[in-house]
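Okay, thanks everyone, let me get the model up on the screen. I'll talk for a few minutes, so just shout if something is unclear.

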Number of protein chains: 2
Amino acid sequence: MFSSKPYLDINKLVKWNLEFDLGLTNKSVKKGDVFLKEGQPCKHLYYILKGFVRIYYLDLEGNQITHWFCADDAIITSPFSYVKGERNILYFEAMEDTELVLISASQLNTLIQHVPELGEGMRQMNAEFAMILSRRIMSIHTQTAEERYLNLMEQHPLLFQKAKLSQIASFLGITQQSLSRIRKNL
Amino acid sequence: MFSSKPYLDINKLVKWNLEFDLGLTNKSVKKGDVFLKEGQPCKHLYYILKGFVRIYYLDLEGNQITHWFCADDAIITSPFSYVKGERNILYFEAMEDTELVLISASQLNTLIQHVPELGEGMRQMNAEFAMILSRRIMSIHTQTAEERYLNLMEQHPLLFQKAKLSQIASFLGITQQSLSRIRKNL
DNA sequence: TTACTTTTTTACCATAGGTTAAATTTTTCC
DNA sequence: GGAAAAATTTAACCTATGGTAAAAAAGTAA
């Protein structure tokens with residue numbers, strides 16, 4: 001759903017890791033693993049080398065609400081926790097076997113000190129992320145659930161092979177029954 | 001709705017403007033003025049020294065949909081245009097007499113070269129903005145319109161003195177008639 | 001295959017919010 | 001103040017989506 005490639009080249013990152021002795025760590029997670037849970041502080045950015053991750057949270061009744069789907073080259077974190085130190089409410093679930101590179105805040109700062117233009121890149125990345133979120137709010141305010149579903153199908157067809165319809169439904173902001181009804185009516 | 005104060009101190013900005021000869025410009029707009037329109041490229045960040053601004057866009061039927069309300073010390077821009085150079089779709093309307101400081105991308109870059117920690121600040125500001133947008137999507141997905149209205153009343157009571165109910169309704173994602181009905185049922 | 005579990009669909013009714021139109025209240029301006 | 005315009009409320013009706021429950025389909029494992 002979002003690629004960080006224009007802002008952070010993973011090959012360069014690997015090179016810088018050696019050059020500046022950053023000590024970045026890797027993490028492999030199996031399909032189905034929930035590698036970040038509500039209440040666990042999120043101390044890293046996660047660069048998804050390869051795989052597919054669903055970010056969700058729980059509503060008051062305990063239902064999982066999908067907040068985001070993330071594929072190769074996405075950089076994800078729980079901003080509430082990572083940036084502001086607030087209690088983390090997000091779950092990160094690997095929807096398939098996934099390879100991650102973990103980047104702590106201090107490692108990122110060190111890296112940016114050595115490569116100042118990366119600071120600009122990260123700033124732009126955050127700005128683009130805010131834009132994507134703005135667009136999503138706009139689509140909620142101007143489109144029907146059916147239109148949002150058709151857009152998603154068109155823009156991310158692979159998503160429907162990797163995620164359950166119930167997970168996609170909550171991402172679209174509707175129940176799985178409503179999504180099923182929308183699909184029936186084509 | 002959002003203050004940039006933790007990330008950019010306006011007094012320092014004024015000082016830096018002189019110190020580094022940035023050439024920042026000011027702009028005064030009268031109540032009711034629409035100082036950015038759809039199709040006009042947005043070349044600046046706007047620092048709101050004093051005033052109140054509504055950001056809106058038009059849906060397919062031409063209805064104004066309020067995207068954001070912004071008060072003193074907010075930094076606003078049309079990210080689609082400012083960051084990505086895409087066609088601007090946002091309108092910026094002064095809801096009361098408003099004093100702005102304009103910051104171009106090149107001025108910002110110059111400033112960050114002189115004050116590197118400001119780059120980090122801007123990055124965090126963008127991250128916080130993404131968080132606020134995430135929270136808004138979450139509230140749409142987990143709360144009723146009535147709950148969102150009550151939250152808004154509680155968190156931004158002054159907003160209801162400055163904005164029309166129809167403008168607040170579209171911000172909440174409902175029609176003005178629905179908002180009226182919600183208010184009647186207390 | 002069969003049995004079992006999970007996911008998806010279907011159906012029925014309930015409800016929040018949309019649509020249209022008109023009435024009412026508030027604001028603006030002469 | 002009073003007329004006109006704008007904003008807000010009210011009402012009747014309509015529609016999309018939610019809630020519940022059950023059936024059907026798909027996936028999994030022995």
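Let's start with the DNA: which helix gives the most to the surface near DNA strand C? That's helix 8 of chain A, with 5 residues. Before I go on, keep in mind that this is a predicted model.

Staying with strand C for a bit. There are 16 residues around DNA strand C, and the closest are K164(A), Q176(A), K184(A), Q177(B) and S178(B). Of the strand C atoms that come within 4 Å of the protein, sugar and phosphate make up 55%. Helix 7 (165-172) and helix 8 of chain A, plus helix 8 of chain B, each bring at least two residues to that surface. By class, you get 3 nonpolar, 9 polar and 4 charged residues near strand C.

Now the phosphate contacts on that strand. K164(A) puts a polar side-chain atom 2.7 Å from a phosphate oxygen of DNA strand C. For S180(A), an N or O atom of the side chain is 3.0 Å from a phosphate oxygen of strand C. T175(B) does this with its backbone: an N or O atom there sits 3.1 Å from a phosphate oxygen of strand C.

Okay, over to strand D. Here we have 15 residues around the strand, and Q177(A), S178(A), K164(B), Q176(B) and K184(B) come nearest. Sugar and phosphate account for 64% of the strand D atoms within 4 Å of the protein. The largest share of the surface, 5 residues, is from helix 8 of chain B. Helix 8 (176-184) of chain A and helix 7 (165-172) of chain B are also in the group that supply at least two residues each. The class split near strand D is 3 nonpolar, 8 polar and 4 charged.

And the phosphates again: a polar backbone atom of T175(A) is 3.1 Å from a phosphate oxygen of DNA strand D, and for a polar backbone atom of L165(B) that distance is 3.2 Å. R183(B) comes in with its side chain, a polar atom of which lies 3.3 Å from a strand D phosphate oxygen.

So how do the two chains relate? A rotation of 180° with 0.0 Å of shift along its axis puts chain A on chain B, at an RMSD of 0.0 Å. That's what a two-fold axis does. Also, 100% of the interface residues of chain A are interface residues in chain B too, so the copies meet through the same surface.

One residue to click on there is R123(B), in helix 4 (residues 116-142) of chain B. Is R123(B) buried or exposed? Buried, because its relative accessibility is 8%, under the 20% cut-off. Leaving out neighbours within four places in sequence, its contacts are L108(A), N109(A), I112(A), G119(A), M122(A), R123(A) and N126(A).

Last stop, helix 1 of chain A, residues 10-19. I10(A), L13(A), W16(A) and N17(A) are buried there. Down the helix axis, those buried residues fall within an arc of 115°, so they line one face. They pack against strand 3 (44-58), strand 6 (91-104), helix 3 (105-114) and helix 4 (116-142) of chain A. On the face turned away you find the exposed residues N11(A), L18(A) and E19(A).

At the start of the helix, a side-chain oxygen of D9(A) gets to within 2.7 Å of the backbone nitrogen of N11(A). Just after the helix, D21(A) has a positive phi of about 50°.

Definitions and conventions
Residues numbered from 1 in each chain as written. Chains lettered and ligands numbered in written order. Predicted model: local features only at pLDDT ≥ 70, side-chain atom pairs only at ≥ 80, totals over all residues. Heavy atoms only, no water. Least-squares fit on C-alpha atoms with pLDDT ≥ 70 in both. Contact = heavy atoms within 4.5 Å. Buried < 20%, exposed > 50% of the residue type's maximum accessible area, 1.4 Å probe, protein only. Helix = DSSP H or I, 4+ residues; strand = E, 2+ residues; numbered from the N terminus. Arc of directions from axis to C-beta. Polar contact = N/O pair within 3.5 Å; in protein donor to acceptor, adjacent residues only side chain to side chain. Near = heavy atom within 4 Å. Nonpolar A, V, L, I, M, F, W, Y, C, P; charged D, E, K, R; others polar.
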